[in-house]
Amino acid sequence: MRRKVIAGNWKMNKTPLETVEFLKKFIDLIKDVEHDIILCVPYIDLLVALELTKNTNIKIGAQNVHFKDSGAYTGEVSPKMLQDIGVEYVIIGHSERRAYYNETDESVNMKIKAALEHELKPIVCVGETLEQREVGVTKEFVTTQIRNALIGIDAKQMKKIIIAYEPIWAIGTGKTASKEDANEVCHWIREELHTLYGDVADEIIIQYGGSVKASNAKELFEMSDIDGGLVGGSSLEPEEFTRIIKF
Ligand code: PGA
């Protein structure tokens with residue numbers, strides 16, 4: 001049985017002070033939970049989040065990373081920096097970064113390799129647009145994203161990677177994929193991982209993301225190929241996020 005992994009993606013929300021307020025409530029609410037819990041917070045909140053979650057069951061992640069260790073890249077944060085402060089996870093290739101910051105399958109692949117070199121565990125996002133779903137190319141598109149993201153990654157490295165399937169039309173829209181549709185794509189992703197890595201595919205965590213809320217978490221997370229979720233808007237409020245985690 002694969003474990004369930006539930007990650008919050010705060011996006012560009014919460015100041016350090018608001019992070020403290022959130023964690024004061026949240027740490028207590030989820031202290032007995034056995035699922036893996038990850039909070040991916042803005043860079044500026046990382047230090048305080050790491051400090052407050054020491055000796056708790058919460059792991060901390062960043063939402064992006066550069067592929068170089070250092071250099072003239074104004075405004076960027078390197079994997080070496082994240083590793084140095086004790087960050088454990090990093091979201092790579094979120095659809096908002098692909099759409100607004102020109103991230104490509106190629107840069108996603110470079111970032112995954114750089115993250116792994118620094119012992120960060122990547123949460124790699126893939127997912128189709130509404131047009132792609134409507135014309136029936138979801139499988140081809142998503143499996144191509146997976147193949148391209150994982151070029152040069154071996155099976156041992158693959159075990160450290162989480163895949164998040166996030167249909168773009170479901171992100172922040174209140175529209176959730178049906179549990180059957182979400183599971184079907186997660187299954188296609190696992191089949192692709194089988195082709196690439198054999199039985200290792202059965203160990204890989206594949207999350208669903210896109211308008212996950214307390215009211216739909218259970219039906220989604222109980223599907224055969226969905227091993228938890230990447231939760232945006234509903235991770236901002238400690239009580240709602242706890243209800244999702246305790247689905
Ligand atoms: P949402 O975002 O839960 O607000 O739809 C999910 C995500 O983008 O990771």
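**Loop contacts, the ligand site and long-range neighbours**

A polar atom in the side chain of T53 lies 2.7 Å from the backbone oxygen of A49. The residue that provides this side chain, T53, sits in the loop between α2 (46-52) and β3. T53 counts as buried because its relative accessibility is 6%, and buried means under 20%. The model in which this contact appears is a predicted one, and the values that follow were computed from it.

A second loop residue can be described in much the same terms. S78 is located in the loop that runs between β3 (58-62) and α3 (79-85). A polar atom of the S78 side chain is found 2.9 Å from the backbone oxygen of D69. With a relative accessible area of 4%, S78 is buried.

Attention then turns to the ligand, a good place to pause with the structure in view. The ligand is surrounded by 13 residues, of which K11, H94, E166, G172 and S211 are the closest. Sorted by class, this shell comprises four nonpolar, seven polar and two charged residues. The space that the ligand takes is the second largest pocket.

Three of the side chains can be followed to oxygen atoms of the ligand. For K11, an N or O atom of the side chain is 2.8 Å from a ligand oxygen. In the case of H94, a polar side-chain atom and an oxygen atom of the ligand are 2.6 Å apart. E166 likewise places a polar side-chain atom 2.6 Å from an oxygen atom of the ligand. On its own the ligand has 280 Å² of accessible area, and the protein covers 95% of it.

K11 also deserves a look at its backbone. This residue is found in the loop between β1 (5-9) and α1 (16-29). Its phi is positive, at about 55 degrees, although K11 is not a glycine. K11 thus joins a positive phi with a side-chain contact to a ligand oxygen at 2.8 Å.

N102 is another residue other than glycine with a positive phi, here near 55 degrees. N102 is placed in the loop between α4 (95-100) and α5 (105-117). Is N102 buried or exposed? N102 counts as exposed, because its relative accessibility is 65% and the cut-off for exposed is over 50%.

The loop between α4 and α5 also holds E103. In contrast to the exposed N102, E103 counts as buried, with 8% relative accessibility. E103 and G93 are 10 residues apart along the chain, and their C-alpha atoms are separated by 6.7 Å.

The remaining examples concern pairs of residues set further along the chain. L150 belongs to the loop between α7 (138-149) and α8 (155-158). At 5% relative accessibility, this leucine is counted as buried. Between L150 and V124 there are 9.7 Å in space, C-alpha to C-alpha, and the two are 26 residues apart in sequence.

R133 is located in helix α6, which covers residues 130-135. The relative accessible area of R133 is 21%, so R133 is partly exposed, the class between under 20% and over 50%. The C-alpha atoms of R133 and W169 are separated by 9.2 Å, with their positions 36 residues apart along the chain.

Which residue has its C-alpha atom 6.6 Å from that of K25, 213 residues apart along the chain? The partner is P238. K25 itself is found in helix α1. K25 counts as partly exposed, with a relative accessibility of 46%.

Conventions. Residues numbered from 1 in each chain as written. Predicted model: local features only at pLDDT ≥ 70, side-chain atom pairs only at ≥ 80, totals over all residues. Heavy atoms only, no water. Helix = DSSP H or I, 4+ residues; strand = E, 2+ residues; numbered from the N terminus. Buried < 20%, exposed > 50% of the residue type's maximum accessible area, 1.4 Å probe, protein only. Near = heavy atom within 4 Å. Polar contact = N/O pair within 3.5 Å; in protein donor to acceptor, adjacent residues only side chain to side chain. Areas by Shrake-Rupley, 256 points an atom, 1.4 Å probe, with all protein chains shown as cover. 1 Å grid on protein atoms, 1.4 Å probe; cavity = no way out; pocket = protein on both sides within 12 Å on 5 of 7 lines; lining within 4 Å. Sits in = over half its atoms within 2 Å of the grid points. Nonpolar A, V, L, I, M, F, W, Y, C, P; charged D, E, K, R; others polar.
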